[in-house]
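Colleague: I should be grateful for a close look at one chain of this complex, covering its fold, its confidence and its surroundings. Please give the cut-off behind each term as it arises.

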Amino acid sequence: MTTPLLSVGNVTRRYRLARTSFHAPRPVLTAVSDASFTLDRSRTLGVVGESGSGKSTLARMVMAFERPDEGRVLFEGQDLAQLAPSALRRLRQRFQMVFQDPYGSLDPRRTVANSIAEPLRAIGAGDHAAKVAQALDQVGLRAGDGEKYPHEFSGGQRQRIAIARAIVTRPALLVADEAVSALDVSVQAQILNLLMDLQDELGLAILFISHDLAVVGSLCDDIIVMKDGHIVEAGPASKVLSAPSRAYTKTLLQAAEI
Amino acid sequence: MIEVEELSIRFGAATAIREATFTIQPGDRIGVVGESGCGKSMLALSLIGMTPEAARVTGSIRLEGEELAGAPDRLWRRHRARRVSMIFQEPMAALNPLKRIGETVMEPLLVHEGLTRAAARARVLSLFEEVGLPGGRLRQFPHEISGGQRQRVLIALALACNPALLIADEPTTALDATIALRITELLVRLAEERRMALLFISHDLAAIARATRDVMVVYGGDIIERGPTASVLADPAHPYTRGLIAARPRAAASPRGPGERRPRLPTIVGAVPPLAALPAGCRFSGRCPVELPVCAGQRPEAVARTGGGGAICHRLGAESLTA
Amino acid sequence: MRRPLPVNLMIGAALAALVLLVAFVSVFWTPYDHAAMNIPAKFQEPGAAHWLGTDQLGRDVVSQLMAAAANSMTVALVAVLIGGSIGVSLGLLASALGGWVEDLVMRVADIGFAFPALLFAIMLAAVFGPSLTNAVLAIAFINIPVFARVARAAANQIWTLDYVTAARAAGIGVFGISRDHVLPNIAAPVIVQATIEFAVAILAEAALSYLGLGAQPPSPSWGRMLAEAQTLIYLAPQLAIYPGLCIMIAVLGFGLLGDGLRDVTDPRLSRVR
């Protein structure tokens, strides 16, 4: 049996909140509670939930921006929390992220090519120009677009740029946190198709986080439904969508359908 | 109740709305659907006289017979809250964080209706009950309640002076799906119980389907299709409406074996052009998959559809001529 | 549809430019040597030879004012540069590392805020003797907490943005991110603050020189001219008025310029019209 690309085992993450009274101890919020899943190469796992469900915290733990209080996040068999900072920074080229807001995820003062090349600079890889041009081409932009600044692009194009930055180091895993939520329907479909194309082309595993069950259904092999920090339903997308076992999933499904 | 005729809203060279004509009757629930930058919010703001100063509003907006297109703010102010009211996308931004929510809702009652504090308080309590807020919330501050409850407060505020028309601009977009369902249900119920007209603006076809009886599809400042919501969504006539509905992801998936290609979503090519760079003829030309040579230069006429409403498209005109 | 530039910005820019121009010219040319004494020609009325007359030692007032402008600008510039770079670095550091480092830096900044600049300058003068250099250091020192606060507040906002998270995901360290992304994007508020602090520094230099803790004779300074004229206030009141006016124009100019820049770069802080 081969090691899964990403293996999340029984992770729990708690936040200590601000004091509400001088006497009482600081309240604790359990953002993610005992969550486990695995994700293999060339597969897409959808994480669905509403705000406060813990899905973004889960993404931040997978990206090693936060350490789980309990449990482990194993990427290619390595525990991210155990890695030395320099080793973790080197490993980061293997898992990248795309964000929700295409306006906030690009530094307005840098050219597009400069932003896309950032992960390459971090690992000291040479020959930036060729790789950046290739990444631009892969997301459907022209090589000449690299000289422009983010404000010259529409929201959908910016999301393409953000995706180009995420794939320029040829990662094995892409974490997409509400990556199409801020986009118009017609643009959303283009970006979803692009993600599918890139997955076929590069063998990417995608952890796709969204509040929209319909979007997740169009893209994902497996689905996890989260509520209040717990995974309340998990399984193959076809099963979760056609025969949801939880009333909560049914409500989400109802909200997504015309 | 509201008659809008050939209403245009321009910003310099850019046209946000081009010659829109429609009416709203008491009890109507009309959806305005479109992507960002199509002019739908401008249309909503024009019906309450709150278009930005730079906007040039021409044509006619008659509110119960009174002509208000391009009227000064002073005239509009008489109608706001009392005849026409509006709720917005971001409920937190629309509430004064330093004021208890009960006070906020009470204010228009004291100012517009001249009620005593005791009478206003009683009205607020009944409004809160109507929108499903416990009376105990009266003394709470906006940050102490959830996003869905804030939107309920804003709905109560908008209803305080019994408006004949409630404009809801993306009222559920900032909310979680399950909360959004409840708010949509609430708006529909209120419109029916009060015989109040509801203009529901959204980019979300699912929300439009739940909230409205009729729908206007806006693209590039034109109302390109209109009709009963169910029939427009089930059998769209305009290529843009068709593309929009097709591009919507479906919450249905089939298992995919290793190496198997997942079906791609149908897309509309390109992106919505900026308002200043729209084609002169059909606004959708340049992106339309079934474009005719005439489309870019000449504006299509409205073609009626069976069951009410219609679409503006040269294709439809050509087909109906040949038929 | 660009909004017109605010009036305070335009007036401030004009006054500041005038002062800077005069200071710059004085480096190469003044009507007379500012230190050249001519006792027989003391207390001359303004005229063709001496535009604003001469002082109690027969020195040309215009030349002194011009040379003092250069001194004042240099002191303000150096002090703001030193205080600004240390303060911004500390602010960036606090914001980047967070936790106890941030707490420590900001609490120390609070103490710095509570420490009167004049007291510090007097301390420096007592230990190292009064000099323009010590005045510069004192003014720079009081600037550090101001810049640290401004930089940290602005940087904390930048750190919440996705492009910073993206840089972290790319494997860039916190110092790299501070340099590449945070610093360029907090430039606007820092420049605004620097302009305002420039005005404060001009005033502080004048005050220190007035107390004899800044520029030492024969180096000219508006503050010292004011102090010298004070004893002659009944004999030649104009000698006190000229440097006073210069201080006012310079401080007002840079102050308005800073306010105006803030109005332009941060509409939230400008008055609601």
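Modeller: The account below begins with conventions and confidence, then moves from the chain itself to its setting in the complex.

This is a predicted model, in which local features need pLDDT of at least 70 and side-chain atom pairs count only at pLDDT 80 or more, whereas totals for chains, interfaces and linings use all residues. Residues are numbered from 1 along each chain as its sequence is written, and chains are lettered from A and ligands numbered from 1 in the order in which they are written.

For the complex, the predictor gives an ipTM of 0.85 and a pTM of 0.83. In chain C the mean pLDDT (the predictor's confidence in each residue, from 0 to 100) is 87, and 96% of the residues reach 70 or more. Within chain C, confidence is highest in helix 2 of chain C, at a mean of 93, and lowest in helix 4 (residues 117-128) of chain C, at 80. Residues 269-273 of chain C have a pLDDT below 50, and beyond near neighbours in sequence this stretch has two contacts in the model; residues are in contact if their C-beta atoms, placed from the backbone, lie within 7 Å. Where pLDDT is low, the predicted coordinates should not be read in detail.

Chain C has ten helices and zero strands; these are DSSP runs numbered from the N terminus, helices being H or I over at least four residues and strands E over at least two. Its elements accordingly read α-α-α-α-α-α-α-α-α-α from the N terminus on. The C-alpha trace of chain C spans about 75 × 55 × 35 Å along its principal axes. Of the 273 residues in chain C, 48% are buried, with 20 or more other C-beta atoms within 10 Å of their own, C-beta atoms being placed from the backbone; 12 or fewer would make a residue exposed, and counts in between partly exposed. Among contacts in chain C between residues at least 6 apart in sequence, 70% join residues at least 24 apart.

One helix pair in chain C merits attention. Helix 2 (residues 61-97) and helix 5 (residues 132-159) of chain C pack at about 35 degrees, their axes 5 Å apart; axes are lines fitted to C-alpha atoms over the stretch in contact, and angles run from 0 to 180 degrees between N-to-C directions. The crossing of helix 2 and helix 5 of chain C is right-handed, the near helix being turned clockwise from the far one by less than a right angle (anticlockwise would be left-handed). The contact between helix 2 and helix 5 of chain C comprises 25 nonpolar, seven polar and two charged residues. Here Ala, Val, Leu, Ile, Met, Phe, Trp, Tyr, Cys and Pro count as nonpolar, Asp, Glu, Lys and Arg as charged, and the others, Gly among them, as polar.

Chain C also meets a neighbour: 15 residues of chain C and 20 of chain A form their contact. On the chain A side, helix 2 (85-91), strand 6 (95-98) and helix 3 (112-123) of chain A each supply at least two residues. Helix 3 of chain A gives the largest share, four residues. That side of chain A divides into eight nonpolar, four polar and eight charged residues.
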